[in-house]
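Notebook open, viewer running. I'll jot down what I look up as I go.

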2 protein chains.
Amino acid sequence: MQHHQLGMDIEQDGEQELCWLINDLTRIMTNEFNRRLRLQGFELSRSQSRILIRLARQDGQSQTELAENLGMEKAPLGIIIDKMESSGLIERRPDPKDGRRRLVYSTAKALELLPDIDKLTVELAQQALEGLSKVRRMQLSQNLNHMKLNMLRDR
Amino acid sequence: MQHHQLGMDIEQDGEQELCWLINDLTRIMTNEFNRRLRLQGFELSRSQSRILIRLARQDGQSQTELAENLGMEKAPLGIIIDKMESSGLIERRPDPKDGRRRLVYSTAKALELLPDIDKLTVELAQQALEGLSKVRRMQLSQNLNHMKLNMLRDR
DNA sequence: TCAAATTAGTAACATACATTACTAATAGTC
DNA sequence: GACTATTAGTAATGTATGTTACTAATTTGA
């Protein structure tokens with residue numbers, strides 16, 4: 001602890017802990033979601049589920065659009081899309097208007113899974129937020145959004 | 001959107017979004033932290049930094065202890081520790097009292113880095129939390145901790 | 001119209017994690 | 001003291017992500 005000597009350290013420690021806490025929560029919730037998917041015999045992951053949910057809202061996006069939509073890089077998304085194509089959850093069709101683009105569509109197999117995935121998502125959120133009032137949930141959303149904007153600013 | 005028809009969907013959507021938001025924040029903050037480490041020429045990652053910070057508090061933990069401490073599995077921790085040993089940030093010494101255990105110690109090289117890492121951690125937290133009052137930060141911590149406990153309960 | 005700049009996607013490589021299955025060492029019990 | 005159960009660590013394999021560098025296709029603009 002030799003590098004902790006200033007008076008404001010207690011607050012700083014709390015703030016750093018808060019950041020790790022967010023990390024941990026992500027890990028825990030992702031693991032739990034994946035565990036439940038496996039329990040139900042579904043052979044896809046939380047990230048793949050998220051992609052299916054997005055496609056349900058807007059089918060036939062290009063990979064780049066989808067990546068921006070999800071706030072991630074297009075290269076890693078491409079790999080996930082590869083796997084989902086192999087397992088028959090999505091298919092890629094060339095964009096007739098732009099030979100560079102490949103549009104991503106969910107398959108019938110994916111649509112079949114969707115209600116269950118949706119249910120799992122809702123249940124997980126409910127478990128995580130159990131005991132928090134509506135007001136607190138709203139504050140939480142606002143504060144996290146605030147943090148996200150803080151991080152995205154001047155980058 | 002055909003699977004979204006109930007009256008409570010707006011709330012549920014918000015709650016699901018909240019969960020993804022936590023995911024995204026983790027990704028964004030981790031990337032930003034790693035980017036800054038690289039900018040400063042440090043050849044370690046955010047996770048490795050966290051481990052060094054833990055060891056600064058309590059040096060010479062076994063891998064299993066450290067894993068529990070960080071809330072992660074011992075197998076993946078072992079891999080990270082391997083890398084950190086290769087790059088000279090930690091060293092493993094056998095526990096004289098228990099031949100199965102290998103105690104993890106930070107090296108002089110790591111101790112040299114520590115102040116800078118600590119500074120980066122504080123700066124990142126400050127940027128993320130900028131504009132949030134002390135009260136809001138406390139609420140945020142409480143609410144996130146509440147969620148974590150909700151997720152860890154009955155597992 | 002043709003060369004240059006931009007854009008979409010992929011490949012290669014790296015990190016952080018998980019799970020399962022294994023080995024080696026210790027501890028506990030009869 | 002020997003047999004069994006537990007514990008520490010590792011190995012193998014898989015997923016989600018990042019960065020950098022590349023190719024192919026399109027758009028732009030002189």
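**Entry 1: the sheet in chain A**

In what order do the strands of the open sheet in chain A come, and is the pairing parallel or antiparallel? I remind myself that this is a predicted model. I looked up the strands and found 3 of them, ordered β1-β3-β2, with antiparallel pairing. β1 (61-62) and β2 (90-95) of chain A are at the edges with a single partner strand each, so one side of each has no neighbour in the sheet.

Next I went through the pairing of β2(A) with β3(A). I get 6 bridges between them, in the antiparallel sense. A hairpin makes the link from β2(A) to β3(A), through 2 residues. For individual bridges I noted two partners in β3(A): Asp98(A) for Asp95(A), and Arg102(A) for Pro94(A).

**Entry 2: the sheet in chain B**

I then turned to chain B, where an open sheet of 3 strands also reads β1-β3-β2 with antiparallel pairing. Its edge strands are β1 (61-62) and β2 (90-95) of chain B, and each pairs on one side only. Here I followed the other pairing, β1(B) with β3(B): antiparallel, over 2 bridges. Ser62(B) has Leu103(B) as its bridge partner in β3(B).

**Entry 3: how the copies relate**

What rotation and what shift along its axis superpose chain B on chain A? I read off 180° and 0.0 Å, with an RMSD of 0.0 Å. That is the relation of a two-fold axis. I also checked which residues the copies use to meet. 100% of the interface residues of chain B are interface residues in chain A too, so the copies meet through the same surface.

**Entry 4: the interface**

How many residues of chain B are in contact with chain A? I find 49, against 49 residues of chain A. On the chain B side, the elements giving two or more residues are α1 (9-39), α2 (46-57), α5 (108-129) and α6 (134-152). The largest share there is from α1(B), with 16 residues. Sorting that side by class, I have 23 nonpolar, 16 polar and 10 charged residues.

One helix pair across the two chains got a closer look. α5 (residues 108-129) of chain A packs with α6(B) at an angle of about 120°, their axes 7 Å apart. From α5(A) the contact takes Gln127(A), Ala128(A) and Leu129(A), while α6(B) gives Met147(B), Asn150(B) and Met151(B). I count that contact as 4 nonpolar and 2 polar residues, with no charged ones.

**Entry 5: a helix pair inside chain A**

At what angle do α3(A) and α4(A) pack? I get about 110°, with 9 Å between the axes. That makes α3(A) roughly perpendicular to α4(A). On the α3(A) side I listed Gln63(A), Thr64(A), Leu66(A), Ala67(A) and Leu70(A); on the α4(A) side, Lys74(A), Leu77(A), Gly78(A) and Ile81(A). By class this contact has 5 nonpolar, 3 polar and 1 charged residues.

**Entry 6: DNA strand C**

Which residues are closest to DNA strand C? I found 25 residues around the strand, the closest being Arg100(A), Ser45(B), Ser47(B), Ala75(B) and Gly99(B). From chain A, the elements that give two or more residues to this surface are α1 (9-39), α3 (63-70), α4 (74-86) and β3 (98-106); from chain B they are α2, α4 (74-86) and β3 (98-106). α4(B) provides the largest share, 5 residues. I sorted the surface near DNA strand C into 6 nonpolar, 9 polar and 10 charged residues.

**Entry 7: DNA strand D**

Last stop was DNA strand D. Of the 25 residues around this strand, Ser45(A), Ser47(A), Gly99(A), Ala75(B) and Arg100(B) come nearest. The elements giving two or more residues here are α2 (46-57), α4 and β3 of chain A, plus α1, α3 (63-70), α4 and β3 of chain B. For this strand the largest share, 5 residues, is from α4(A). My tally by class for the surface near DNA strand D is 6 nonpolar, 9 polar and 10 charged residues.

Conventions
Residues are numbered from 1 along each chain as its sequence is written. Chains are lettered from A and ligands numbered from 1 in the order in which they are written. This is a predicted model: local features need pLDDT of at least 70, side-chain atom pairs count only at pLDDT 80 or more; totals for chains, interfaces and linings use all residues. Two residues are in contact if their C-beta atoms, placed from the backbone, lie within 7 Å. Helices (H or I, at least four residues) and strands (E, at least two) are DSSP runs, numbered from the N terminus. Ala, Val, Leu, Ile, Met, Phe, Trp, Tyr, Cys and Pro count as nonpolar, Asp, Glu, Lys and Arg as charged, and the others, Gly among them, as polar. A residue is near a molecule or strand if its C-beta atom, placed from the backbone, lies within 6 Å of it. Axes are lines fitted to C-alpha atoms, for helices over the stretch in contact, and angles run from 0 to 180 degrees between N-to-C directions. Angles under 35 degrees count as roughly parallel, over 145 as roughly antiparallel, 65 to 115 as roughly perpendicular and the rest as oblique. Two strands pair if DSSP finds at least two bridges between them. Copies are superposed by least squares on the C-alpha atoms of residues with pLDDT of at least 70 in both.
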